[in-house]
Amino acid sequence: MITAINGREDYRVELDNGVQTIAADVASDKGGSGAGFRPHELMEAAYAACLNISVRMILDRLELAYTDVTVRVGL
């Protein structure tokens with residue numbers, strides 16, 4: 001579960017999973033300070049992480065060697 005708590009700065013949000021905290025914000029041209037990931041970047045990051053982990057799990061299960069797996073996502 002993720003908890004989102006508004007920050008003191010306009011539109012800044014602290015996102016917490018009970019163990020770690022990251023910041024989200026909007027760019028300065030949207031009224032924020034740009035002090036964190038923008039909300040759509042968090043969606044891109046979640047999808048990229050899920051794809052990266054899934055590919056590595058499949059490669060491991062098939063016992064296929066790999067060095068790096070890179071996923072780029074743009075919305």
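In the predicted model, tyrosine 11 is exposed, with a relative accessible area of 56%. This value is over the 50% above which a residue counts as exposed. Tyrosine 11 is located in the loop that connects β1 (3–6) with β2 (13–16). Its backbone shows a positive phi of about 70 degrees, although tyrosine 11 is not a glycine.

A positive phi also occurs at glutamate 63, likewise not a glycine, where the angle is about 55 degrees. Glutamate 63 belongs to the segment after α1 (39–61) and takes this positive phi just after the helix. With a relative accessibility of 72%, glutamate 63 counts as exposed.

The strands on either side of the tyrosine 11 loop, β1 and β2, take part in an open sheet of three strands. The order of this sheet is β1-β2-β3, and the pairing is antiparallel. β1 and β3 form the edges of the sheet, since each of them pairs on one side only. On average, neighbouring strands of the sheet are turned by 25 degrees against each other, direction ignored. The antiparallel strands β2 and β3 are joined by four bridges. Across this pair, leucine 15 stands opposite isoleucine 22 of β3.

The helix α1 comprises 23 residues, and at 1.5 Å a residue these should span 33 Å. The C-alpha atoms at the two ends of α1 are 33 Å apart, and the expected and computed spans therefore agree. Within α1, the residues Glu44, Ala48, Asn52 and Leu59 are buried; in each case the relative accessible area is thus under 20%.

The largest pocket of the model has a volume of about 190 Å³. Its lining consists of Ile2, Leu15, Asp16, Asn17, Gln20, Thr21, Ile22, Phe37, Leu42 and Ala45. Leucine 15 and isoleucine 22, which stand opposite each other, are both among these lining residues. At least two residues of the lining are supplied by each of β2, β3 (21–24) and α1. When grouped by class, the lining of the largest pocket contains six nonpolar, three polar and one charged residues. Aspartate counts as charged, and Asp16 is therefore the charged member of the lining. Elements of both the sheet and the helix thus contribute to the lining of the largest pocket.

Notes: Residues are numbered from 1 along each chain as its sequence is written. This is a predicted model: local features need pLDDT of at least 70, side-chain atom pairs count only at pLDDT 80 or more; totals for chains, interfaces and linings use all residues. Side-chain values use heavy atoms; hydrogens and water are left out. Buried means under 20% relative accessible area, exposed over 50%, partly exposed in between (1.4 Å probe, protein chains only). On a 1 Å grid over the protein atoms alone, a cavity is a set of points where a 1.4 Å probe fits but cannot get out, and a pocket is an open set with protein on both sides within 12 Å along at least five of seven lines; lining residues have an atom within 4 Å of a point. Grid points are joined across faces, edges and corners, and a volume is the space filled by probe spheres set on the points. Two strands pair if DSSP finds at least two bridges between them. Axes are lines fitted to C-alpha atoms, for helices over the stretch in contact, and angles run from 0 to 180 degrees between N-to-C directions. The expected span of a helix is 1.5 Å times one less than its number of residues.
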